[in-house]
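Here are my notes for someone opening this entry for the first time. Keep the viewer open while you read.

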Amino acid sequence: MPTPQERLAQLRGNEDAPASVASKYNKRFRVGVIGSGNWGTAVAKIVAENCLEKPYLFHRDVKMWVREEEVSDMKLTDIINSYHENVKYLPEVTLPFNLFAEPDIRKVADGADLLVINLPHQFLGSVCDQMKGIDFSKSSAISCLKGINVSADGVELLHDVVEKKLGLHCGVLSGANIASEVARERWSETTIAFPLPSWYQQGDADDNLIKELFYRPYFHVQVSDDVCGASISGALKNVVALGAGLVEGAGWGDNAKAAVMRRGLLEVIMFGNVFFPGKCRPETFTTESAGVADLITSCAGGRNVKVGRAFARTGKPLEVIEKELLNGQSAQGIITGREVMELLTATKKEDEFPLLGAIYDIVHNKLHISNLPERIAD
Ligand SMILES: NC(=O)C1=CN([C@@H]2O[C@H](COP(=O)(O)OP(=O)(O)OC[C@H]3O[C@@H](n4cnc5c(N)ncnc54)[C@H](O)[C@@H]3O)[C@@H](O)[C@H]2O)C=CC1
Ligand SMILES: O=C(CO)COP(=O)(O)O
C-alpha cells in the first residue's frame, strides 16, 4: 500500500517531463471533449486519464460537453459530476475525477487547444453551428466520428466538415474499438491520423502529442498519415456490419457472414478509389486497426450487427429496432447506408457496389435476403 505522500504524488501525476517530450512543446494544452455518448464518454475517460498523468503536457481538468437530459429527475450532467459515471450511455464505468460534465458547449470549446469531437455524425452540423464564432485559429481537433456527409454537392469526410464549418484543424481517430471494451480497459488498438496544420510552428501540437493524449497501456495507438482511408473504413464498415447482422439473423452460418465481410471490405476499398481517387493509402484498409480490424470487431459485437440481426428476425423498421435495443445510442450504419445509396444513385454507380445496394434493398425495399448471394456473386 502506498504512503499518503506516495499516493498524493500518484494523483498529482509526474510534473517532470520525460526527456522524449521535454521542451518539445511551447505550452500545456487544454483539452475539451465534445460529445458524451457511449464512445464519447469512453474516449473522454482515456484523455482525462492522460491529462491527469501528464501535467507537463496537458491541463489536468477536462470538460466534456453533455447534451443535457434528465434521468430519474436528475440532470445527466449532475449525475456524472456527482457519481463519476455516465449512467445513461456508459453505465458501470467509473470516470476520472478530473473529467467534468458541462451542458454549455461554448464553455468547453472556448479556450480549448485540443478538442476531441465524438458524437453520432447526423448531429455534427448542428453541433458545429453551436460553436460558430469561437476563435479556433490556433486550436486543433480530433474527430472520433464514423460517418460521411452526403449532400447535393457530393460526399465529404467529417474532419473536412469540421474544418470548413469552424476553421478548426482536424485529424481523425478510428479503430477496432467497441466502446464498452475500451472503457473496461480491455486491450485495443486504434489508428490516429493528424496532419500538421498550415499554421504549424515548432512547439505546436503534432501527431506525437496527439498520441500522448490517447495512448494508454490498454489502448495502443498506431499513427498514420492517411486521414482519408481511416475515415472511409470507419464509416462504411457500419453498413457492412448491418449486412453481417442480416445474415446472422436469417440463421445463416459463419461462412455467409465471412462472405459479407469479404465483399464488404472490397467495396470499402473501392469506395475510397472511386470517390476519393489518389487520397487513401490502400494498405490502410488491410494493415491498420481502422481498416479490416474494425470491420471484424464491428461485425462481431457492434451495435449495427445487433440491429441488422433484429431486422432479419422481426422485420421491424430499423429506427424502431434502434430505439428498442440501444437506449438512446445510435447505429450509424442506418444513416450511412442511406447516404451511400443516395450518392451511388446520384452518380449512377449502384452496379459497382452490389453488397451496399443489396443491404439497402433488404432493409428498405423488401428485397428478400435469399437474393443476397446472387446479388453479390463475382
Ligand atoms: N460506441 C462505440 O462502440 C463506438 C462508436 N464510434 C463512433 O463514435 C461516434 C459517437 O458515438 P457514441 O459516442 O457511441 O454515441 P451514441 O451512439 O452513444 O449516441 C448518444 C449520444 O448522442 C447524443 N445526441 C442525441 N441527440 C442529439 C442531438 N440532437 N444533438 C447532439 N447530440 C445528440 C446524446 O446526447 C449522446 O451523447 C459515432 O460516429 C460512432 O460511429 C466509434 C467507435 C466505437
Ligand atoms: O465502431 C465501432 C467499433 O470499432 C462500434 O461499432 P457499432 O457502432 O456498430 O457499435
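The points below go through the domains, the sheet, the two ligands and the record.

1. First, the ground rules. This is a predicted model, where local features need pLDDT of at least 70, side-chain atom pairs count only at pLDDT 80 or more, and totals for chains, interfaces and linings use all residues. Residues are numbered from 1 along each chain as its sequence is written, while chains are lettered from A and ligands numbered from 1 in the order in which they are written.

2. Start with the overall layout. The protein splits into domain 1 (4–225) and domain 2 (236–376), with bounds taken from an automatic or database domain assignment. Their C-alpha centres are 28 Å apart.

3. Next, look at where the domains meet. On the domain 1 side 21 residues are in contact with 21 residues of domain 2; contact here asks for C-beta atoms, placed from the backbone, within 7 Å. Strands β8 (148–151), β11 (188–193) and β12 (219–224) each bring at least two residues to the domain 1 side, and β11 gives the most, with three. By type, that side has seven nonpolar, eleven polar and three charged residues. For these classes, Ala, Val, Leu, Ile, Met, Phe, Trp, Tyr, Cys and Pro are nonpolar, Asp, Glu, Lys and Arg are charged, and the others, Gly among them, are polar. Helices (H or I, at least four residues) and strands (E, at least two) are DSSP runs, numbered from the N terminus.

4. Now the sheet. Eight strands make an open sheet in the order β5-β2-β1-β6-β7-β10-β11-β12, with mixed pairing; strands pair if DSSP finds at least two bridges between them. β5 (99–102) and β12 sit at the edges with a single partner strand each, so one side of each has no neighbour in the sheet. On average, neighbouring strands are turned by 25 degrees against each other, direction ignored. The axes behind that angle are lines fitted to C-alpha atoms.

5. One strand pair to look up: β6 (residues 114–117) and β7 (residues 140–143) run parallel over four bridges. Ile117 has Ser143 of β7 as its bridge partner.

6. Ligand 1 has 25 residues around it, and Gly37, Asn38, Trp39, Ala179 and Gln329 are the closest. To be near, a residue needs its C-beta atom, placed from the backbone, within 6 Å. Helix α2 (residues 38–53) gives the most to this shell, three residues. The shell holds ten nonpolar, 13 polar and two charged residues. Both domain 1 and domain 2 contribute to the shell, so ligand 1 lies between them.

7. Ligand 2 has 13 residues around it, with Asn177, Ser298, Gly302, Arg303 and Asn304 coming nearest. Helices α9 (227–249), α12 (289–301) and α13 (303–314) each supply at least two residues, and α12 has the largest share, three. The split is three nonpolar, seven polar and three charged. Residues from domain 1 and domain 2 both appear in this shell, so ligand 2 also lies between them.

8. Last, the record. UniProt, in an unreviewed entry, places "domain: Glycerol-3-phosphate dehydrogenase NAD-dependent N-terminal" at residues 31–194, a span that is 30% helix and 27% strand, with end C-alpha atoms 16 Å apart. The same kind of feature, "domain: Glycerol-3-phosphate dehydrogenase NAD-dependent C-terminal" (unreviewed entry), is put by UniProt at residues 226–372. Residues 226–372 are 76% helix and 0% strand, with end C-alpha atoms 32 Å apart. UniProt positions follow the numbering used here, feature names are shortened, and annotations may be inferred rather than shown by experiment.

Key. Two residues are in contact if their C-beta atoms, placed from the backbone, lie within 7 Å. Axes are lines fitted to C-alpha atoms, for helices over the stretch in contact, and angles run from 0 to 180 degrees between N-to-C directions.
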